[in-house]
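Visitor: Could you take me on a close look at a single buried spot, and then follow the chain outward from there? I'm happy with one long answer.

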Amino acid sequence: MSKSIIKRGAAALWLGIGMSLISCSGFLDREANSYIDKDMTFSSYIRTQQYLTNIYTLLPDGLTRMDGNAMFDAATDDAEFALQTAEVQSFNTGAWNAATNPDNPWDRCYMGIRMACELMDHADEVNLDAYRLDPKTHTEYENRKKDIRIWKAEARFLRAFFHFELLKRFGPVPIVKSSLSISGDYSGMARPSMDECVKFIVNECDTAAKYLDLKPWRDDTALGHATKGAALALKSRVLLYAASPLYLDYENLDETNLPTNAEKWELAAKAAKAVIDLGAYQLATSYGQLFQNQFQSTEYIFMRRYTVSDNVEKANFPVSFGGTGGTNPSVNLLDSYEMTDGTDFSWTNPTQAANPYADRDSRMDATFLFNEQNFHNGKVECYIGGKDGLYQTNATTTGHYLRKYLNESVNIQTGGGKLGHTFPFFRLAEIYLNYAEALNEYAPDNADIARYVNLVRERADQHPLPSGLTQDEMRQRIRRERRVELAFEEHRAWDVRRWKVASSTLGAPLRGLRIERDNTQATPTYTYTPYVVERRAFQPKMYWYPIPQSELMKLVGWKQNPQW
């Protein structure tokens, strides 16, 4: 490793209940006593608990983490960000590299890894003598010992999570299993293989799952912390990716090179089924309501909870409702939603083209805000000349606004109606689709494939999949189901990469709608015309991110990722 896992001048500083993180540097910068003495930190039950809480703050911010509060899906064919000068646009234009990557979590993830290692190495030093020596507090002593065991397992899960966040972006990365010695020389570390990285993360998940409970064992104040289900869900996703074409031959970026490995697909299927078989989760009744801060829903396996705020609404509300346009769903995505009878939508069908939002999959209504839709005691006007339409300052460029995650009770002008938000890292619907995809790749006649896809569709009141689909037809249906069901949950960018179809998706023109209103009749009518909002750029090298140049200078002998 180079020198930036344990961060020099980049550790955490805690004093009592006031805690803050100071800046982090590169991968193998090791710790240099830049936070309160370890003995003081890890001898205290409270400070150790706070230390763990701060590791959680380093998890990805799915709702507003990109420059200008863009969602990462604005760097895919599912959306465009209204503010054209935002950094996320560099992904779409191809103007990014090892020095200017707007989605570079290298330092953040390795800081999380360092902190997780520190907690795992030192949590057993917590001084519980006051409880151990008093017979009246023996129960609390045992409870606190269990807390510490669970905290260490949570830290192990987080260490695995951060490694995977790096792996899916950069390919094989340095594996860090413990705190690094200040006097050690790690610059000559060889780059691990893809299999070695996957095996490490999977083993971390298995070990964490042994010590984690299915639910927070003390009370619900720990909702949002890792559980057994979270560890097994991460394992499911890691093995699904590891079985996919890109991961089987990660240096070969030729899209015609589509290797497969039945054994790895079987491992992925079994991992997903293990989560299902826990029996701890069930699909929420309503898809739309699930994203209205329903953090106690039994569909959620692991999520990020946000404090009460209207930041997401300010970023994404239509402009006439006080928003700044935000992340705009595309026509590329719109076209993936079926009609309610299960048939495909088509712009060549005059009836459908005249009203592209009628009789569609209900998940579209829960995800898109579109022209003439009722919203927040008013109507959204996405037509040209309308208060939310094209050419208004900061208005949508695609003819749509985002509805998913928004709390419609918020009044941005008065500051009223604020609520919290929940972003899912793992939920049961994904696990169902993971299971179906993996099964279809190695056992395409298995009846569970259609069964679990149909369970997801049934919640949206969509017809079951037609019988008799070929393996490839089922593959395409599963891929479309993932796109629709998991929209704006940061799956699209990684799915199209691992399937090696990014040139035809991330590189496709991003389309929107020009909406024109005809006022000559008693009831106004609208004309919807698809148009190209932006020409997108995707080159094969973009299947992986370039390793930050500053890290390559430390990792002697490492090559940059292919074609960068």
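**A glutamate and its surroundings**

Guide: Glu154 is buried, at a relative accessible area of 5%; buried means under 20%, exposed over 50%, and partly exposed in between, using a 1.4 Å probe and protein chains only. Before we go on, please keep in mind that this is a predicted model, where local features need pLDDT of at least 70, side-chain atom pairs count only at pLDDT 80 or more, and totals for chains, interfaces and linings use all residues. Residues are numbered from 1 along each chain as its sequence is written, and side-chain values use heavy atoms, with hydrogens and water left out.

Glu154 sits in helix 6; helices here are DSSP runs of H or I with at least four residues, numbered from the N terminus. Setting aside residues up to four places away in sequence, Glu154 touches Leu52, Tyr56, Leu212, His225 and Ala226, where contact means heavy atoms within 4.5 Å. Helix 6 itself is mostly covered, with 24 of its 33 residues buried. At 1.5 Å a residue, those 33 residues should span 48 Å, and the end C-alpha atoms are indeed 48 Å apart; the expected span is 1.5 Å times one less than the number of residues. Just after helix 6 comes Gly171, with a positive phi of about 80°.

One of the residues that Glu154 touches, Leu52, leads us to helix 2, where Leu52 takes part in a contact with helix 4. The axes of helix 2 (residues 45–56) and helix 4 (residues 106–122) come within 9 Å and cross at roughly 155°. Axes are lines fitted to C-alpha atoms, for helices over the stretch in contact, and angles run from 0 to 180 degrees between N-to-C directions. The two helices are therefore roughly antiparallel, a label for angles over 145 degrees. On the helix 2 side, Thr48, Tyr51, Leu52, Asn54 and Ile55 meet Gly112, Arg114, Met115, Ala116, Glu118 and Leu119 of helix 4. By class, this contact has six nonpolar, three polar and two charged residues; Ala, Val, Leu, Ile, Met, Phe, Trp, Tyr, Cys and Pro count as nonpolar, Asp, Glu, Lys and Arg as charged, and the others, Gly among them, as polar.

Helix 6 (138–170) also appears in the cover of helix 7: together with helix 8 (228–242) and helix 9 (245–248), helix 6 is included in what covers the buried residues there. Those buried residues are Met194, Cys197, Val198, Phe200, Ile201, Val202, Glu204, Cys205, Ala208 and Ala209. Residues three or four places apart in an α-helix point the same way, because there are 3.6 residues a turn. Helix 7 (residues 194–211) has 18 residues that should span 26 Å, and its end C-alpha atoms are 27 Å apart, which agrees.

For comparison, here are two acidic residues elsewhere. Glu490 is buried too, with a relative accessible area of 10%, and lies in the loop between helix 18 and helix 19 (492–498). Asp461 is exposed at 62% and is placed in the loop between helix 17 (448–459) and helix 18 (471–485). Most residues other than glycine have a negative phi, yet phi is positive in Glu490, near 65°, and in Asp461, near 60°.

How values were computed: Parallel < 35°, antiparallel > 145°, perpendicular 65-115°, else oblique.
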